[in-house]
Amino acid sequence: MSQHAKEQILSATSALFRDGQIEAISKHFAPDYVVHTTDQDLRGGAKLIRSVIELYRGAFPDLAVDVQFFLASADTVSWQRTMRATHTGAFKGFPATGQPIVWREMVVSRFSNSLIIEEWVVTDLAERLLFARKSLSHKSPQAKLPRSNE
C-alpha cells in the first residue's frame with residue numbers, strides 16, 4: 001500500500017495544485033472525502049476539494065508544491081508538502097500582498113479502496129500571510145506624527 005499511496009499523493013498534488021486538473025479529483029479521492037483542520041471537520045467530497053483547489057490557485061496562481069514523505073502504515077501516509085507561490089489574490093480574508101511566500105503543511109492521508117478518504121492537515125499558511133502583511137506595512141512610509149509643543 002505505501003508505494004501506491006505515495007504515487008497517489010504525488011499524482012494528486014501535481015494534477016490538482018500545480019496543473020489545476022479538477023477532473024482528476026475522482027481518480028484520487030473517495031466520494032465521501034473529509035478533511036480535518038485545526039478547528040473544523042470539512043465534508044463535501046469532490047465539491048469540497050474543488051473549492052479548496054480553486055481558492056489556492058486563485059490566490060497563488062504560480063503555486064509550486066514539493067512533497068516529502070515521512071511514514072506509511074497499512075492505510076495511512078504521514079507527509080509534508082512545502083508550498084511556494086506569489087500571493088496575488090485574496091485568501092480567506094488576507095488581501096493580496098504581491099509577495100513571494102513559502103509555507104508548510106503536515107498531512108496524514110487515510111486510504112480506502114486505493115482512494116484518499118480522509119485527511120488531517122496542519123498548516124502555517126496564516127502565520128506566513130501575517131508575516132507578509134507585516135513586512136509590507138514596514139515598507140510603507142510612516143505617517144508623520146505631529147510635533148509636540150514643548
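Colleague: Before we look at the rings in this predicted model, within what distance must the centres of two rings lie to pair?
Modeller: The rings considered are those of Phe, Tyr and Trp, the last through its six-membered ring, and the angle between their planes then decides whether a pair is stacked, edge-to-face or tilted. For the pairing itself, the centres must lie within 6.5 Å.

Colleague: How many aromatic pairs does a search of the whole structure find?
Modeller: The search covers the whole structure of this predicted model. Its result is eight aromatic pairs.

Colleague: Which class of pair do Tyr56 and Phe91 form?
Modeller: The centres of the two rings are 5.3 Å apart, and the planes of Tyr56 and Phe91 stand at 75°. Planes over 60 degrees apart fall into one class by definition, so the pair of Tyr56 and Phe91 is edge-to-face.

Colleague: How many residues apart in sequence are the parts that the pair of Tyr56 and Phe91 ties together?
Modeller: Tyr56 belongs to helix 3, residues 45-59, whereas Phe91 sits in the loop between strand 4 (76-86) and strand 5 (100-112). Tyr56 is buried at a relative accessible area of 10%, and Phe91 is buried as well, at 5%. Because one ring comes from the helix and the other from that loop, the pair ties together parts whose separation in sequence is 35 residues.

Colleague: Tyr56 also pairs with Trp103, so what is the class of that pair?
Modeller: Tyr56 and Trp103 lie 6.3 Å from centre to centre, with 35° between their planes. Planes under 30 degrees apart would count as stacked and planes over 60 as edge-to-face, so the pair of Tyr56 and Trp103 is tilted.

Colleague: Is Trp103 buried or exposed?
Modeller: Trp103 lies in strand 5 and Tyr56 in helix 3, so their pair ties together parts that are 47 residues apart in sequence. Buried means under 20% relative accessible area, and Trp103, at 0% relative accessibility, therefore counts as buried.

Colleague: Which residues do the ring pairs link into a cluster with Tyr56, Phe91 and Trp103?
Modeller: Tyr56, Phe91 and Trp103 are members of a cluster that is linked by ring pairs. The other residues in this cluster are Phe17 and Phe60.

Colleague: Which residues does Leu125 touch, not counting residues up to four places away in sequence?
Modeller: Leu125 has its place in helix 4, and at 3% relative accessibility this residue counts as buried. Its C-alpha atom is separated by 9.2 Å from that of Met83, 42 residues away along the chain. With residues up to four places away left out, Leu125 touches Tyr56, Phe60, Phe91, Ile101 and Trp103.

Colleague: Is Arg43 buried or exposed?
Modeller: Arg43 is found in strand 2, residues 41-43, and, leaving out residues up to four places away in sequence, Arg43 touches Tyr33, Val34 and Leu48. The C-alpha atoms of Arg43 and Tyr33 are separated by 6.5 Å, although the two residues are 10 apart along the chain. Its relative accessible area is 61%, and because the cut-off is over 50%, Arg43 is exposed.

Colleague: Which element gives the most to the lining of the largest pocket?
Modeller: About 680 Å³ of space lies in the largest pocket, which is lined by 33 residues, with Thr37, Val52, Tyr56, Glu105 and Val121 nearest its centre. By class, the lining has 23 nonpolar, five polar and five charged residues. With six residues, the element that gives the most to this lining is helix 3.

Colleague: In what order do the elements of the protein run from the N terminus on?
Modeller: The protein has four helices and six strands, and 37% of its 150 residues count as buried. From the N terminus on, the elements run α-α-β-β-α-β-β-β-β-α.

Colleague: Over which residues does pLDDT stay under 50?
Modeller: The mean pLDDT of the protein is 88, and 89% of its residues reach 70 or more. Where pLDDT is low, the predicted coordinates should not be read in detail. The model has zero contacts beyond four places in sequence for the stretch in which pLDDT stays under 50, namely residues 142-146.

Technical notes. Residues are numbered from 1 along each chain as its sequence is written. This is a predicted model: local features need pLDDT of at least 70, side-chain atom pairs count only at pLDDT 80 or more; totals for chains, interfaces and linings use all residues. Side-chain values use heavy atoms; hydrogens and water are left out. Helices (H or I, at least four residues) and strands (E, at least two) are DSSP runs, numbered from the N terminus. Buried means under 20% relative accessible area, exposed over 50%, partly exposed in between (1.4 Å probe, protein chains only). Contact means heavy atoms within 4.5 Å. On a 1 Å grid over the protein atoms alone, a cavity is a set of points where a 1.4 Å probe fits but cannot get out, and a pocket is an open set with protein on both sides within 12 Å along at least five of seven lines; lining residues have an atom within 4 Å of a point. Grid points are joined across faces, edges and corners, and a volume is the space filled by probe spheres set on the points. Ala, Val, Leu, Ile, Met, Phe, Trp, Tyr, Cys and Pro count as nonpolar, Asp, Glu, Lys and Arg as charged, and the others, Gly among them, as polar. pLDDT is the predictor's confidence in each residue, from 0 to 100.
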